[in-house]
Each structure stands twice: as C-alpha cells, then as structure tokens.
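Subject: Structure handover

Hello,

I am passing a structure on to you, together with my notes on it. Please look at the structure first and then read on.

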Amino acid sequence: RDGKCRNVRLVLGAVSPSPLVVEDAPELMRGMAITPRLVDEVSRRAQKNAHPVDNMASSPRYRREMIPLLTKRAFEEALERIENG
C-alpha cells in the first residue's frame with residue numbers, strides 16, 4: 001500500500017538438491033521500498049547460497065548465472081500484479 005514490502009518469500013528451484021529458500025530475503029526486504037538496488041542485493045544473496053548440481057538440463061554454472069536475471073523477472077512480475085490488482 002505504501003510502496004514498501006510487507007512480506008516476501010523467495011524460493012529457487014534447480015539451484016540446489018531441493019528447493020532453496022533464500023532466508024535473507026524477508027529480513028532484507030521487509031519495510032523497504034522495492035528498488036532495483038534492493039532486488040540486486042537479494043539476487044546476489046540468492047546466488048551466493050545456491051549450490052546447483054550437475055545434470056543433463058544445464059550446467060551448474062549456467063544456473064548460478066541465471067539466478068539474478070530470473071529473480072529480477074520474478075520481482076518485476078510480482079510488482080506488475082500488485083499494480084494491476
């Protein structure tokens with residue numbers, strides 16, 4: 001309502017043996033305006049905590065590199081949903 005994050009949960013798939021809950025996300029974002037800088041910080045934390053395993057779909061390096069991009073897209077989509085009701 002006031003442009004600030006009230007609640008957030010960030011969970012990533014395909015970057016660890018099981019879904020990865022980014023524990024830092026709520027702590028970093030609660031009460032803060034969602035800015036590109038904040039999303040970048042959360043993305044970096046997510047990337048740091050990820051431990052992708054090797055499989056046939058893609059390399060661990062590729063999946064690790066995609067974390068910031070896909071995290072930003074997820075936040076953009078969430079913000080768009082909020083704005084459009």
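The notes below go from the overall layout to salt bridges, pockets and a few single residues.

Please keep in mind that this is a predicted model.

Overall layout

The protein has 85 residues, of which 29% count as buried. Its secondary structure consists of three helices and two strands, and along the sequence these follow the pattern β-β-α-α-α. The C-alpha trace spans about 45 × 25 × 20 Å along its principal axes.

Salt bridges

Six salt bridges turn up when the whole structure is searched. As general background, side chains of opposite charge can pair when their charged atoms come close. Three of the pairs are described here.

One of the salt bridges joins the side chains of Asp40 and Lys72, with an N to O distance of 3.0 Å. Asp40 belongs to helix 2 (residues 36-49) and Lys72 to helix 3 (residues 60-84), so this pair ties together parts that are 32 residues apart in sequence. Both partners are partly exposed: Asp40 has 26% relative accessibility, and Lys72 has a relative accessible area of 32%.

Another salt bridge is found between Arg44 and Glu41, whose closest N and O atoms are 2.9 Å apart. Both residues sit in helix 2, and because they are three residues apart there, about one helical turn separates them. Arg44 is partly exposed at a relative accessible area of 47%, and Glu41 is partly exposed at 23%.

In helix 3, Glu65 and Arg61 are four residues apart, which means that about one helical turn lies between them. Their side chains meet in a salt bridge at 3.0 Å, N to O. Here the two partners fall into separate classes, with Glu65 partly exposed at a relative accessible area of 46% and Arg61 exposed at 64% relative accessibility.

Some salt bridges share partners, and in this way Asp24, Glu41, Arg44 and Arg45 are joined into one network.

Pockets

The largest pocket holds about 300 Å³ of space. It is lined by 15 residues, and those closest to its centre are Lys4, Cys5, Ile34, Leu79 and Ile82. Sorted by class, the lining of the largest pocket has eight nonpolar, two polar and five charged residues.

For the second largest pocket, the volume is about 180 Å³. Its lining is made up of 13 residues, with Leu12, Gly13, Val15, Ile67 and Leu70 closest to the centre. Two elements, strand 1 (11-12) and helix 3, each give two or more residues to this lining. Helix 3 provides the largest share, seven residues. The lining of the second largest pocket divides into ten nonpolar, two polar and one charged residues.

Single residues

Arg63 is located in helix 3. What is the nearest side chain of opposite charge to Arg63? It is Asp54, 5.1 Å away, and Arg63 is buried yet has no salt bridge. A salt bridge needs the side-chain nitrogen within 4 Å of a carboxyl oxygen, so a distance of 5.1 Å does not qualify. The side chain of Arg63 does reach the backbone oxygen of Ser58, at 2.8 Å.

Ala14 is in the loop between strand 1 and strand 2 (20-21). Its phi is near 65°, which is a positive value in a residue other than glycine. For context, most residues other than glycine have a negative phi. Ala14 is partly exposed, with a relative accessible area of 48%.

Leu38 is part of helix 2 and is buried, with a relative accessible area of 11%. Leu38 and Arg73 are 35 residues apart along the chain, and their C-alpha atoms are separated by 14 Å.

If you want places to start in the viewer, I would suggest the Asp40 and Lys72 salt bridge, then Arg63 and its contact with the backbone oxygen of Ser58, and then Ala14 with its positive phi.

Regards

Conventions
Residues numbered from 1 in each chain as written. Predicted model: local features only at pLDDT ≥ 70, side-chain atom pairs only at ≥ 80, totals over all residues. Heavy atoms only, no water. Buried < 20%, exposed > 50% of the residue type's maximum accessible area, 1.4 Å probe, protein only. 1 Å grid on protein atoms, 1.4 Å probe; cavity = no way out; pocket = protein on both sides within 12 Å on 5 of 7 lines; lining within 4 Å. Points joined across faces, edges and corners; volume = space filled by probe spheres on them. Nonpolar A, V, L, I, M, F, W, Y, C, P; charged D, E, K, R; others polar. Lys, Arg positive; Asp, Glu negative; His and termini not counted. Polar contact = N/O pair within 3.5 Å; in protein donor to acceptor, adjacent residues only side chain to side chain.
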